[in-house]
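Me: I would like to go through this model with a few short questions. Please reason from the structure and end each reply on what was asked for.

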Protein chains: 2
Amino acid sequence: MTDVTPEEAERHAKKMAKKKAARDKIMATKDGEKGLIIVNTGPGKGKSSAGFGMIFRHIAHGMPCAVVQFIKGNTQTGERMLIEENFSKLCQFHTMGEGFTWETQDKERDIAAAKRAWEKAKELILDPEISMVLLDEINIAMRYDYIDVEDVVAFLRDHKPEMTHVVLTGRNAKEPLLEISDLATEMGQIKHPFRAGIKAQKGVEF
Amino acid sequence: MTDVTPEEAERHAKKMAKKKAARDKIMATKDGEKGLIIVNTGPGKGKSSAGFGMIFRHIAHGMPCAVVQFIKGNTQTGERMLIEENFSKLCQFHTMGEGFTWETQDKERDIAAAKRAWEKAKELILDPEISMVLLDEINIAMRYDYIDVEDVVAFLRDHKPEMTHVVLTGRNAKEPLLEISDLATEMGQIKHPFRAGIKAQKGVEF
């Protein structure tokens with residue numbers, strides 16, 4: 001059926017048994033649990049999608065969670081529909097943006113929206129019932145200084161309940177936030193379909 | 001309320017109006033629709049989570065989709081529970097792996113499992129009713145040559161229905177796959193909580 005010789009199979013089994021033993025030893029030291037500060041940044045795709053992937057894992061385990069969208073306004077997305085229609089008891093969903101800066105063309109309104117979203121975010125993070133809060137695109141609001149990265153860092157450091165996970169997404173995450181994060185990922189763009197004249201599609205981008 | 005001066009507000013509005021006009025002009029050329037070959041690779045987190053984020057978008061829009069897991073065996077994950085319990089009519093879920101290579105310690109069994117998973121994947125991709133197929137961790141199976149990357153590339157290139165999206169995840173995606181992909185993202189690791197002795201946690205990693 002396959003071309004694995006008995007000798008090769010045995011070598012493989014020994015090598016993997018050794019690998020497993022080494023791995024088990026390492027994993028035994030990783031026994032801590034902690035609410036994580038998770039940052040998804042970079043120019044590539046998947047920053048928000050991966051955030052929502054974790055929100056859906058929370059929902060699956062019956063763990064209360066919440067989403068605050070800092071940029072997206074009232075456009076309907078799949079993730080929002082799915083959560084609002086099926087899981088609104090487990091996951092609060094707050095779209096508090098007004099759209100991208102070039103849509104609103106109103107800096108004062110953008111700043112006010114970002115500040116309102118951050119107030120809501122703090123309230124949700126402090127809620128002892130909530131286990132994960134996704135702050136979608138908050139990095140954009142910090143990048144333009146609509147909210148101060150130092151305020152966000154100080155709040156997370158001093159007030160985040162120990163077991164609460166906070167996920168912060170968006171390009172250009174600022175350095176002080178990366179410094180206090182526990183898990184930070186840079187999504188890099190290898191290829192993007194816009195280059196080939198393909199628009200954002202239902203079920204992929206929204 | 002904020003410190004935006006009237007002059008600054010006007011400058012901002014003009015600049016953003018210009019940006020929007022330029023953007024709208026570009027976006028008008030992006031009117032194509034196409035089933036995408038999407039690759040999430042790299043050493044960082046979020047490859048599978050982002051894949052599941054898109055699967056949940058599909059489910060939200062009522063679009064039939066499917067998942068084949070190439071490595072994960074019968075361990076229960078949040079995403080699988082959520083889909084099997086709530087959305088099994090919209091999304092087929094096939095966990096066809098036997099666990100990681102160092103768990104099975106049996107190369108022939110690993111190869112047979114990968115080949116079975118790839119047969120199922122082809123069947124799902126060819127199904128005209130299904131709009132997205134997530135091939136979770138398939139890159140690992142190709143990396144170890146359990147399935148041949150050239151077979152996968154030839155099949156996707158010659159037989160994938162035009163509007164079907166196929167998402168392939170896992171580290172070390174091979175070059176021929178990246179070449180035929182429409183959207184490829186490299187998840188890079190900036191920080192990882194294992195370093196701090198934190199184990200994989202419910203609602204985050206599974």
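Me: Is B:Glu119 buried, partly exposed or exposed, and what is its relative accessible area?
Reply: This is a predicted model, and the classes rest on cut-offs of under 20% for buried and over 50% for exposed. B:Glu119 falls in between, which makes it partly exposed, with a relative accessible area of 47%.

Me: With which side chain does B:Glu119 meet in a salt bridge, and how far apart are N and O?
Reply: B:Glu119 has its partner 3 residues away in helix α5 (residues 107–126) of chain B, a separation of about one helical turn. An α-helix has 3.6 residues a turn, so residues three or four places apart point the same way. The salt bridge of B:Glu119 has an N to O distance of 3.2 Å, and the partner is B:Lys122.

Me: How far apart are the closest N and O atoms of A:Lys122 and A:Glu119?
Reply: In chain A, both residues lie in helix α5 (residues 107–126), 3 residues apart, about one turn of the helix. A:Lys122 is partly exposed at 21% relative accessibility, and A:Glu119 is partly exposed at 47%. They form a salt bridge, and its closest N and O atoms are apart by 3.2 Å.

Me: Which residue forms a salt bridge with A:Glu10?
Reply: A:Glu10 is partly exposed, with 48% relative accessibility. Its partner lies 4 residues apart from it in helix α1 of chain A, about one helical turn. That partner is exposed, with a relative accessible area of 57%. The closest N and O atoms of the pair are 3.5 Å apart, and the residue is A:Lys14.

Me: How many salt bridges are there over all chains?
Reply: A pair counts when a side-chain nitrogen of Lys or Arg is within 4 Å of a carboxyl oxygen of Asp or Glu. A:Glu10 and A:Lys14, at 3.5 Å, form one of these bridges. Over all chains, the count of salt bridges is 26.

Me: Which helix gives the largest share of the positive patch?
Reply: The patch of positive charge on the surface gathers A:Lys15, A:Lys19, A:Arg23, B:Arg143 and B:Arg171. A:Arg23 is partly exposed, at a relative accessible area of 32%, and A:Arg23 lies in helix α1 of chain A. The largest share is 3 residues, and it comes from chain A, helix α1 (residues 6–29).

Me: How many residues of helix α2 of chain B are buried, and which residue with a positive phi follows this helix?
Reply: Helix α2 (residues 47–60) of chain B reaches 20 Å from its first C-alpha to its last, close to the 20 Å expected at 1.5 Å a residue. The helix is mostly covered, with 14 of its 14 residues buried. The residue that follows α2(B) has a phi near 70 degrees, and it is B:Gly62.

Me: How far apart in space are B:Asp182 and B:Ile37?
Reply: B:Asp182 lies in the chain B loop between α8 (175–180) and β6 (183–191). At 15% relative accessibility, B:Asp182 counts as buried. B:Asp182 and B:Ile37 are 145 residues apart in sequence, while their C-alpha to C-alpha distance in space is 5.3 Å.

Me: What share of the residues of chain A count as buried?
Reply: Chain A has 8 helices and 6 strands. Its C-alpha atoms fill a box of roughly 70 × 45 × 35 Å along the principal axes. Of its 206 residues, the share that count as buried is 55%.

Notes:
Residues numbered from 1 in each chain as written. Chains lettered and ligands numbered in written order. Predicted model: local features only at pLDDT ≥ 70, side-chain atom pairs only at ≥ 80, totals over all residues. Heavy atoms only, no water. Patch = residues over 30% accessible without salt bridge, like charges linked within 9 Å, V, L, I, M, F, W, Y side chains within 5 Å. Areas by Shrake-Rupley, 256 points an atom, 1.4 Å probe, with all protein chains shown as cover. Lys, Arg positive; Asp, Glu negative; His and termini not counted. Charge placed at Lys NZ, Arg CZ, Asp CG, Glu CD. Helix = DSSP H or I, 4+ residues; strand = E, 2+ residues; numbered from the N terminus. Buried < 20%, exposed > 50% of the residue type's maximum accessible area, 1.4 Å probe, protein only. Expected span 1.5 Å × (residues − 1).
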